[in-house]
Amino acid sequence: MKDIRQSPRVAPATGAGPGTGRAVATALARARDIVYAGMRDTHGRNRQRGADLLALARDEGLQLRLLELDVLSERSCRSALDQLLLEQGRIDVVVNNAGMLMSGVTEAFTPEQVAQVIDTNALSWLRVNRAALPAMRRQGAGTLVYIGSTTSRIHEPFLGPYVASKAAGDALAEVMGFEVRPFGIDSIIVAPGAFTRGTDHFNHAHGPADGAVLEQYGSLPGRAAGLPAILDASDAACGGPLDVAAVGAAVRDVLAVAHGQRPARITVDAQHKGVEELDALHQARQADFLTRMGLDDLLPASARRSSHHHGAAQ
């Protein structure tokens, strides 16, 4: 496949106003890429966040631009990336980051709330990809980056809807990664642990809407409110907390690896939950199964190597 990678790369990133999105956008811009910071309502609720990013771009001489993009609207996703293509002529990297958090007793969330978080954290990735992939296929190259979560591997109580949404997004991303690989398109899932610094994720978490159900759980829901303090203690026990800037640095560094040789998954986890061990086992079993199906050409290069080694050892 033709490799059209250039420096700087053209990289739209969704949900780029706060937290991980801002961290990734600024890290890539500082790596001299042309970054389009996607967010909705750039003239309204996100006006100040957009102004802050533009001020940073001016101060540091970065090619960091705003992109009006609502990941809940397929029309908005297509319009935004059409505008980007009109200006730049290509898309090299797409960072699917936009997301929301729900925290509380799972039964007390309404089905409508759960549908909302799955729409935001999983279906939005499909909308953005549907807008970007036709251009990447024409180019014969590109990279899809997803900001996932360690919770898709190791589940936590009081995060049921969020965990379900992240697991759904993870599955969509992995399967789409198989299907776009023959077109020269890389796929990387970045799994952060919980961050209590550099983000308002917990402060902006949505709670359950069914108060009548919540009351039936007695004092248990109060334990959900203590999650940030518990995570801080876990960070301290594991060597100290990470700032959300670590996610931006991880994305920057994995994109510096040669196209086609990048890992399919990386973890940024101050709590050291051991997700990497589960990932290694998952990748080995997945690679073995696809190899037996004659679909090993759809695997990332690292998985194909591990599958061949595993087969030789048997």
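How much space lies in the largest cavity? In this predicted model, the largest cavity holds about 40 Å³ of space, and the structure has one cavity of 30 Å³ or more. The walls of the largest cavity are formed by Pro12, Ala13, Thr14, Tyr36, Gly38, Leu67, Leu69, Leu81, Val94 and Val128. Two strands, β1 (10-13) and β2 (34-39), each contribute at least two residues to that lining. By class, the lining of the largest cavity consists of eight nonpolar residues and two polar ones, with no charged residue among them.

Two of the residues that line the largest cavity, Leu81 and Val128, lead on to a pair of helices, since Leu81 of α3 and Val128 of α4 also take part in the contact between these helices. Two packed helices are described by the angle between their axes and the distance between the axes. For helix α3 (residues 74-88) and helix α4 (residues 111-139), the axes come within 8 Å and cross at roughly 35°, and the crossing is right-handed. On the α3 side the contact is made by Glu74, Cys77, Arg78, Leu81 and Leu85, while α4 brings Arg127, Val128, Arg130, Ala131, Ala132 and Ala135. Taken by class, the residues of this contact comprise seven nonpolar and four charged, with no polar residue.

Helix α4 also takes part in an aromatic pair, in which Trp125 of this helix is linked to Tyr146 of strand β5 (residues 142-147). The structure holds one such aromatic pair, and the arrangement of Trp125 and Tyr146 is tilted, with 4.9 Å from centre to centre and 45° between the planes. The two residues stand 21 residues apart, and their pair links distant parts of the chain.

A further region to examine is the second largest pocket, which has a volume of about 310 Å³. Of the 22 residues that line this pocket, Glu174, Ala264, Arg265, Gln283 and Pro300 are the closest to its centre. Several elements share in the lining of the second largest pocket, for α5 (160-180), β6 (185-192), β7 (265-268), α10 (275-292) and α11 (301-313) each supply at least two residues. Helix α10 provides the largest share of this lining, with seven residues. In chemical terms, the lining of the second largest pocket divides into 10 nonpolar, seven polar and five charged residues, whereas the lining of the largest cavity has no charged residues.

Note on methods
Residues are numbered from 1 along each chain as its sequence is written. This is a predicted model: local features need pLDDT of at least 70, side-chain atom pairs count only at pLDDT 80 or more; totals for chains, interfaces and linings use all residues. Side-chain values use heavy atoms; hydrogens and water are left out. Axes are lines fitted to C-alpha atoms, for helices over the stretch in contact, and angles run from 0 to 180 degrees between N-to-C directions. Helices (H or I, at least four residues) and strands (E, at least two) are DSSP runs, numbered from the N terminus. A crossing is left-handed if the near helix is turned anticlockwise from the far one by less than a right angle, and right-handed if clockwise. Contact means heavy atoms within 4.5 Å. Ala, Val, Leu, Ile, Met, Phe, Trp, Tyr, Cys and Pro count as nonpolar, Asp, Glu, Lys and Arg as charged, and the others, Gly among them, as polar. On a 1 Å grid over the protein atoms alone, a cavity is a set of points where a 1.4 Å probe fits but cannot get out, and a pocket is an open set with protein on both sides within 12 Å along at least five of seven lines; lining residues have an atom within 4 Å of a point. Grid points are joined across faces, edges and corners, and a volume is the space filled by probe spheres set on the points. Rings of Phe, Tyr and Trp (its six-membered ring) pair if their centres lie within 6.5 Å; planes under 30 degrees apart count as stacked, over 60 as edge-to-face and the rest as tilted.
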